[in-house]
Every structure is written in structure tokens, then in C-alpha cells.
Amino acid sequence: MNPRPRVAHFKENIVLYGALVANLGIAAAKFVAAAISGSSSMLTEGVHSLVDSGNQVLLLYGQNRARRAPDRVHPFGYGRELYFWAFVVAMLIFAVGAGVSIYEGTMHYIDPEPLRDPTINYVVLGLAFLLEGGSWAIAVREFAARPHSGGWWQSLVSSKDPGHFVVLFEDSAALVGLAIAAIGVWASHHFGDPRIDGLASILIGLVLTGVALLLAREAKGLIIGESADPALVDQIRTALESHPNITSVNHIRTIHTAPDAIFVAVSADFDDHIPMGEGERLIEQIEAQLKEMSPCFSSIYIRPEKRQDAIVAAP
């Protein structure tokens, strides 16, 4: 079997594979440390890393399902199935990650365990920082390499590829959680109060709750259907308005059917004096021009329509 497709698949999903390997190793180390030290925050961090590992598997599965070819039932393909699995990931972070963290922290606060030697916790936390930091750096590098407009945060929340922004959010939350866990372990021993470790676990759960809600909001918008980047829509409008036989661009509607696939529907008022055959050639020419503009334009529909009969959208 030709190994090139596998290599290309790995490079395309290096963010997910990097996060998966890091989280599996970190989860195992955290559970061992929690068993030895009895730390509540370490246990919840282990659950957090285990949930993150499952999330990467779900996203890889979603990407594989989303690549299926269009058929009669789904003529525009299955690309948006990836958005469904991104929503499932958000629910898992909320129900399992945050839920277990808050529950375990509450139980540990009500009935704290005696303090034990925290050395193993510090060793594991240091190792986790290195692995999570490496995964986070890969996610940041891959995201920064992609073309985007606007500020960093605006580009992140407007991204149409869950495989990148989910991992970036997860790794950022993981680094914050590790910092909270480290402070919780240190403070518990410094002040001789094991309940502080339980409070740290609850705080980690609240961080995960915030991340889960943010991811759920982003995934919901993608499932419902989000338009293409406004700058790209403006390029379409400019290209259409430059044609002398188009008297008015009534509206341009776009929707992402996958992270790298955009459906484009255009309503335009054409010059009444051009013959039918010339109008058809003009539409074909415009479609070819738009496809050269972006490889993401998977389907383009141009409808000749009188301006007075059309729904006109402001530029």
C-alpha cells in the first residue's frame, strides 16, 4: 500500500495526533501520581487528560466520516458531520471533565484525605507542562500558518475547522488546569490543609465548564451554518460588480458545508439586452473566475433576477 496518503493524513492532522499522544502519556502519569499521593486535583487532572484523549479520537473519527463523497441523500457531502462531533466533544468536556472535577473536589473538601509526600505530584506536573506545552505550541503554529483576517481572538472564534480550535482551547485549558493543580498541591502542604486541594479541583472544573460552553457555542454555530469570511464575500461582490453586463448584485449567500468547502449562491440583475446564449456563457465565465479565487468554493449557483423582484442585501 502506498504510504504517501498516510503520511499526508498525519501531516494534515499533526495537531490532533500530537495532542492525542501527549494526553495519553500525561493521563497515565497523573493517575499514578494521584494513587500515590491521594491528591484530588491530580485525579481530576488525570480525568481531564483522559477526556481530552477521547476528544482527539472523536475529532479524527469525525474527519474520516466527513470525507465521504456526496450521495443522493446528502448531495452536498458529509463535511458538516465534523461539526457534530465537535459538539459532542464540548459535551464530554462539560459532563465528564468538568462534572468529575467539581464532584471529586467537593467530596475531597467535605472529607479530605491526610496529606502525603507531594514529590511525585510535582514531577508529574512538570512533565505534563512540557508535553502539554509542546502540544499547545504545535496547535498555535499550525493555526498561525493558516490564512486569516482580523485579530487573533476573532480569527480563532471565526475558524471553521474544529480540528484546530478545539485542540487549541483544550490545551490552553490544560495548561491553566496544571497551574491550578500545582498551586493547590503546594498550598495544601504549605498551610497544612488538604481541603485546599479539593478547592483547586473545583476551580479546574469551572475552567473546563467555561471552555466547554465556548466550544459548544462555536460548534452550534457551525452546525446551524456559518457564512464564509466577510473579506472573501467582499471579493466575490467586487468580482461580480466588475462585469459590465451585471447591473446589480442583489445578494450573495455563502455557507460552509465543511471547513474547506463553501456553497455560494448569487442573485444578480443582468443587462436585459444580452442574448440567452451570451448570458449562459457569462455565468460560466463568472463561475470559473470565482473558483480560481478560492479552491474552497465547492458549489456555485448564479441566479439572474431583476433587482425589483429580488431580496436585496446591503453590502
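Student: Which residues touch the most other members of the largest nonpolar core?

Tutor: In this predicted model, the residues in question are L59, I93, F165, F169 and L215, within a core of 49 residues. Helix 2 (14-37), helix 3 (40-66), helix 4, helix 5 (119-145), helix 7 (162-190) and helix 8 (195-224) each contribute at least two residues to this core. Helix 8 gives the largest share, 10 residues.

Student: What makes a set of residues a nonpolar core?

Tutor: The members must be buried nonpolar residues joined through side-chain atoms within 4.5 Å. In soluble globular proteins, nonpolar side chains tend to be buried together. A second, separate core of 22 residues is also present, and A228, I262, V264 and L282 are among its members.

Student: Which residues is L59 in contact with, leaving aside its neighbours within four places in sequence?

Tutor: L59 is in contact with L16, L82, A86, V89, P162 and V166.

Student: Why is E218 called buried?

Tutor: A residue is buried when its relative accessible area is under 20%. E218 has a value of 7%, so E218 counts as buried. The residue is found in helix 8. Not counting residues up to four places away in sequence, E218 touches V157, F165 and E226.

Student: How do you know that E226 forms a salt bridge with K160?

Tutor: The rule asks for a side-chain nitrogen of Lys or Arg within 4 Å of a carboxyl oxygen of Asp or Glu. The closest N and O atoms of E226 and K160 are 3.6 Å apart, so the pair qualifies. E226 lies in the loop between helix 8 and helix 9 (230-241), and K160 in the loop between helix 6 (152-157) and helix 7, so the pair ties together parts that are 66 residues apart in sequence. K160 is buried, with a relative accessible area of 13%.

Student: What makes K30 and E45 a salt bridge?

Tutor: Their closest N and O atoms are 2.8 Å apart, and the limit is 4 Å, so the pair meets the rule. K30 lies in helix 2 and E45 in helix 3, so the pair ties together parts that are 15 residues apart in sequence. K30 and E45 are buried.

Student: Are R303 and E305, whose side chains meet in a salt bridge, buried or exposed?

Tutor: The N to O distance for this pair is 3.8 Å, and the rule allows 4 Å, so R303 and E305 form a salt bridge. R303 has a relative accessible area of 52%, and exposed means over 50%, so R303 is exposed. E305, at 13%, falls under 20% and therefore counts as buried.

Student: How many salt bridges are there by this rule?

Tutor: The count comes to nine. In addition to the pairs above, salt bridges link R65, R68 and E81 in a network.

Student: Why is L131 called partly exposed?

Tutor: Partly exposed covers the range between the 20% and 50% limits. L131 has a relative accessible area of 34%, so L131 belongs in that class. The residue is in helix 5. L131 touches A22 and I26, not counting residues up to four places away in sequence.

Student: What makes Y109 eligible for a nonpolar surface patch?

Tutor: Patch residues need over 30% relative accessible area and no salt bridge, and Tyr is among the nonpolar side chains considered. Y109 has a relative accessible area of 34%, so Y109 passes the area requirement. Together with Y103, M107, I110 and L199, Y109 makes a patch of about 520 Å². Four residues of the patch, its largest share, come from helix 4 (residues 81-110), and Y109 is in this helix.

Student: How do you know that the protein is more spread out than a compact globule?

Tutor: The protein has 10 helices and three strands. Its radius of gyration is 25 Å, well over the 20 Å that the globule rule gives for 315 residues, so the protein is more spread out than a compact globule. Along the principal axes, the C-alpha atoms fill a box of roughly 90 × 50 × 35 Å.

Student: What share of the residues is buried, and what share of the exposed area do carbon and sulfur atoms supply?

Tutor: Buried residues make up 46% of the 315 residues. The protein exposes about 15700 Å², of which carbon and sulfur atoms supply 64%.

Conventions:
Residues are numbered from 1 along each chain as its sequence is written. This is a predicted model: local features need pLDDT of at least 70, side-chain atom pairs count only at pLDDT 80 or more; totals for chains, interfaces and linings use all residues. Side-chain values use heavy atoms; hydrogens and water are left out. Patches are made of residues with over 30% relative accessible area and no salt bridge: like charges are joined within 9 Å, nonpolar side chains (Val, Leu, Ile, Met, Phe, Trp, Tyr) within 5 Å. Accessible areas come from the Shrake-Rupley method with a 1.4 Å probe; for residues, only the protein chains shown count as cover. Buried means under 20% relative accessible area, exposed over 50%, partly exposed in between (1.4 Å probe, protein chains only). The radius of gyration is taken over C-alpha atoms; the globule rule is 2.2 Å times the number of residues to the power 0.38. Contact means heavy atoms within 4.5 Å.
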